[in-house]
Amino acid sequence: MIKYKTLAIGIDQSYKNVGISISADGRLLKVKNIDLSKCKTKSEKRGVLRNKLSRLCVAVYGKAENYICVIERIRLRSQGFLNIDYIKSIGALNALIVDVLSEFGIEVYSVDTRCWKAQVVGSAKKESNRFGVPEEKWLTVQWCINQGFEESILKKVEGRRTKGTFERNGIKFEYDNDASDSAAISMFYFKGDKSKLKIES
């Protein structure tokens, strides 16, 4: 049964932890992640992501008149350097996303990081915080919390690791900044300048 006019899937893709969120008609609906850190090879990671994305598409099929997927655009340079290996590996990941979504008739677009941060979150600036979140990620995490999705990005941390964590009532947690990034990316279609979207094929 059709419930929405437009449903947007937002993906913050990586080989460690994929943030994936759903927005519809300008409202954030779901914020999740796909943990790929335990997979041994990149091929295995892509296989897991393929299965998860297919299940997601099946779950949302028929609920909207229109669908769109927005992913984060590949950064060609990092700190002034051109990382060919990174570009090749992320390119393979992006191609997988495009191929899976195309099976369901969903077009995939990319958006520049600074663009979605500025237009959805309000700023691409770094900001210090007491929760161990990287400074360039904090404003987006804060934005996601303000949308009412703190429980969706709050993860309990096991083991001795302390970096990037904080304690609450004696329990160690971290905020999943990849999931929060995907939430903002999914909202770009509704809040951002659509002319900044570039179709991926």
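How much accessible surface does the protein have, and what share of that surface belongs to carbon and sulfur atoms? The accessible surface comes to about 11,200 Å², and 47% of this area belongs to carbon and sulfur atoms. These values, like those that follow, were computed from a predicted model.

## Overall form

The protein contains 6 helices and 11 strands. Its C-alpha trace spans about 45 × 40 × 30 Å along the principal axes. The radius of gyration is 17 Å, which agrees with the value near 17 Å that a compact globule of 201 residues would have. Of the 201 residues, 45% count as buried. Among contacts with a separation of 6 or more, 62% are accounted for by residues 24 or more positions apart.

## The two largest pockets

Rolling a probe the size of a water molecule over the atoms shows where empty space is left. The largest pocket has a volume of about 1,100 Å³. Its lining is made up of 36 residues, and those nearest the centre are Asp12, Lys137, Asn177, Asp178 and Asp181. Several elements give two or more residues to this lining: strand 3 (27-35), helix 2 (84-102), helix 3 (113-121), strand 8 (154-156), strand 10 (171-175) and helix 6 (177-191). By class, the lining of the largest pocket holds 20 charged, 9 polar and 7 nonpolar residues.

The second largest pocket has a volume of about 410 Å³. It is lined by 18 residues, of which Ile22, Lys30, Lys32, Leu56 and Ala59 are the closest to its centre. Two or more residues of this lining come from each of strand 1 (4-12), strand 2 (17-24), strand 3 and helix 1 (42-60). Strand 3 gives the most, with 6 residues. The lining of the second largest pocket divides into 9 nonpolar, 7 charged and 2 polar residues.

## Residues at the centre of the largest pocket

Two of the residues nearest the centre of the largest pocket, Lys137 and Asp181, can be described further. Asp181 lies in helix 6, whereas Lys137 is placed in the loop between helix 3 and helix 4. Is Asp181 buried or exposed? Asp181 has a relative accessible area of 0% and is therefore buried. Lys137 is also buried, because its relative accessible area of 16% falls under the 20% limit.

Leaving aside neighbours within four places in sequence, Asp181 is in contact with Asp12, Trp116, Lys137 and Thr140. On the same basis, Lys137 is in contact with Asp12, Asn177, Asp178 and Asp181. The contacts of Lys137 thus name the other four residues listed as nearest the centre of the pocket.

## Three further sites

Leu28 is found in strand 3, Ser89 in helix 2, and Gly148 in the loop between helix 4 (138-146) and helix 5 (150-153). Their relative accessible areas are set out below, together with those of the two pocket residues.

| Residue | Relative accessible area | State |
|---|---|---|
| Leu28 | 8% | buried |
| Ser89 | 13% | buried |
| Lys137 | 16% | buried |
| Gly148 | 63% | exposed |
| Asp181 | 0% | buried |

Which residues does Leu28 touch, not counting those up to four places away in sequence? The list consists of Ser21, Ile22, Ser23, Trp143, Gln147, Phe149, Ala183, Ser186 and Met187. One of these partners, Phe149, is 121 residues from Leu28 along the chain, and the two C-alpha atoms are separated by 8.9 Å. Ile22, another partner of Leu28, is among the residues closest to the centre of the second largest pocket.

Ser89 is in contact with Tyr15 and Lys42, its neighbours within four places in sequence being left aside. Tyr15 and Ser89 are 74 residues apart along the chain, with a C-alpha separation of 8.7 Å.

Gly148 counts as exposed because its relative accessibility of 63% is over the 50% limit. The C-alpha atoms of Gly148 and Gln119 are separated by 19 Å, and these residues are 29 positions apart along the chain.

Key: Residues are numbered from 1 along each chain as its sequence is written. This is a predicted model: local features need pLDDT of at least 70, side-chain atom pairs count only at pLDDT 80 or more; totals for chains, interfaces and linings use all residues. Side-chain values use heavy atoms; hydrogens and water are left out. On a 1 Å grid over the protein atoms alone, a cavity is a set of points where a 1.4 Å probe fits but cannot get out, and a pocket is an open set with protein on both sides within 12 Å along at least five of seven lines; lining residues have an atom within 4 Å of a point. Grid points are joined across faces, edges and corners, and a volume is the space filled by probe spheres set on the points. Helices (H or I, at least four residues) and strands (E, at least two) are DSSP runs, numbered from the N terminus. Ala, Val, Leu, Ile, Met, Phe, Trp, Tyr, Cys and Pro count as nonpolar, Asp, Glu, Lys and Arg as charged, and the others, Gly among them, as polar. The radius of gyration is taken over C-alpha atoms; the globule rule is 2.2 Å times the number of residues to the power 0.38. Buried means under 20% relative accessible area, exposed over 50%, partly exposed in between (1.4 Å probe, protein chains only). Contact means heavy atoms within 4.5 Å. Accessible areas come from the Shrake-Rupley method with a 1.4 Å probe; for residues, only the protein chains shown count as cover.
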